[in-house]
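Subject: Structure for you to look at

Dear colleague,

Here is the structure we talked about, with notes on its ligand site and its domains below. Please look it over when you have time.

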Amino acid sequence: MMENENKKVMLSGIQPSGDLHLGNYLGAIKHWGARADEFDCYYFMADLHTITVRQDPAQLRRRVLTQLAQYIACGLDPEKNTLFIQSHVPAHAQLAWVLDCYTMFGELSRMTQFKDKAAKHKDNINAGLFTYPSLMAADILLYQPDYVPVGEDQKQHVEICRDIANRFNGIYGDVFKMPEPYIPKVGARIMSLSTPDSKMSKSQPEGCVFLMDRPEDVARKFKRAVTDSDTERCVRYDRENKPGVANLMAIYSAVTGKSYEDIEAEFEGQGYGKFKPAVGEAVVETLRPIREETERLLADKAYLEGVYRAGAERAAYVAEKTLRKVYKKVGFLPR
Ligand code: TRP
């Protein structure tokens with residue numbers, strides 16, 4: 001089943017720092033289920049990373065569990081993927097310490113995300129925020145993955161991971177496999193419903209449709225979606241001049257499979273009054289099974305526990321193998 005030696009390995013961490021939304025789903029998660037056919041996939045909830053910014057403990061627990069349930073509901077089959085929680089596999093923290101000693105103050109100081117987050121959380125510029133990249137390097141290198149799927153904003157972290165791995169390998173021989181960033185081919189870029197020139201984001205809740213939103217809230221958000229101020233008022237795909245309409249068309253296309261031409265024909269001569277609720281309805285129907293399945297899974301705590309325990313066990317087996325090798329290389333005496 002999962003132990004396919006010939007499959008390339010893929011690994012990605014997801015921060016349980018917010019609720020998932022339509023942009024996350026259509027742009028990324030929807031396409032993850034199919035990857036398992038081609039790759040041996042590891043996905044983990046990066047809770048260790050999340051506490052670099054203050055979290056409410058009860059909310060963090062809830063989010064980790066909700067996200068796990070949502071990923072499963074979105075099609076990540078725990079029988080075909082290794083799904084686990086980062087803090088359940090101590091090797092992450094253990095390797096991170098070792099890698100800290102092979103990561104330079106200067107290179108950490110240059111990380112864009114550190115500079116951004118330090119500016120945003122001036123009252124809590126903690127050491128974990130600073131060494132975040134070496135923990136992420138540990139996450140990756142423990143599993144010797146071929147590919148790390150990341151968004152644009154995380155590319156620099158994969159780069160520094162490669163630099164750290166190179167430095168370590170340069171001293172001790174080929175311990176770590178060199179991971180490549182993986183930029184997915186598919187996935188729609190979904191923009192905010194209220195400000196269609198910026199990406200859909202939880203920080204702008206009015207323009208953001210959450211996977212767990214009630215149908216009436218989804219419908220309302222679409223009815224209020226910004227279209228455009230031109231006088232044409234027709235459903236035509238033009239990213240440049242009609243970003244709001246283009247975004248709604250991209251969403252409608254992604255959830256129905258219809259082409260832009262089909263959509264233009266469907267709403268020919270109808271203005272936006274019909275179009276916006278139709279997109280809303282299609283989204284409601286797409287999200288309904290995901291929301292219901294998430295709720296069903298969340299009500300079945302024993303099942304979710306079984307998933308993350310089995311995931312941690314499989315992950316730890318692989319991770320500890322790499323950690324033992326590293327400990328030996330640096331000269332730690334075996335217990
Ligand atoms: N830093 C990533 C993010 O914020 C999450 C993450 C943690 C990650 N460890 C990882 C992603 C390892 C890929 C691989 O999105």
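A polar contact here is a pair of N or O atoms within 3.5 Å. The model is predicted, and the distances below should be read with that in mind.

Ligand site. By that cut-off, Y132 makes a polar contact with the ligand: an N or O atom of the Y132 side chain is 2.7 Å from a ligand nitrogen. The side chain of Q154 also places an N or O atom by a nitrogen of the ligand, at 2.9 Å. For Q15 the partner is a ligand oxygen, 3.3 Å from a side-chain N or O atom. In total, 14 residues surround the ligand, and the closest are Q15, Y132, M136, D139 and Q154.

Domains. The domain assignment splits the chain into domain 1, covering 8-186 and 300-330, and domain 2, covering 205-295. Their C-alpha centres are 33 Å apart. Domain 1 brings 12 residues to the contact and domain 2 brings 15.

What holds the area between them? About 1,100 Å² is buried between domain 1 and domain 2, with 79% of it on carbon and sulfur atoms. There are zero salt bridges between the two domains, and three residue pairs are in polar contact. On the side of domain 1 that touches domain 2, α1 (22-27) and α3 (57-73) each supply at least two residues. The most comes from α3, with four residues. By type, that side of domain 1 has seven nonpolar, three polar and two charged residues.

Regards

How values were computed
Residues numbered from 1 in each chain as written. Predicted model: local features only at pLDDT ≥ 70, side-chain atom pairs only at ≥ 80, totals over all residues. Heavy atoms only, no water. Domains from an automatic or database assignment. Contact = heavy atoms within 4.5 Å. Buried area = accessible area lost by both parts, 1.4 Å probe. Salt bridge = Lys/Arg side-chain N within 4 Å of Asp/Glu carboxyl O. Polar contact = N/O pair within 3.5 Å; in protein donor to acceptor, adjacent residues only side chain to side chain. Nonpolar A, V, L, I, M, F, W, Y, C, P; charged D, E, K, R; others polar. Near = heavy atom within 4 Å.
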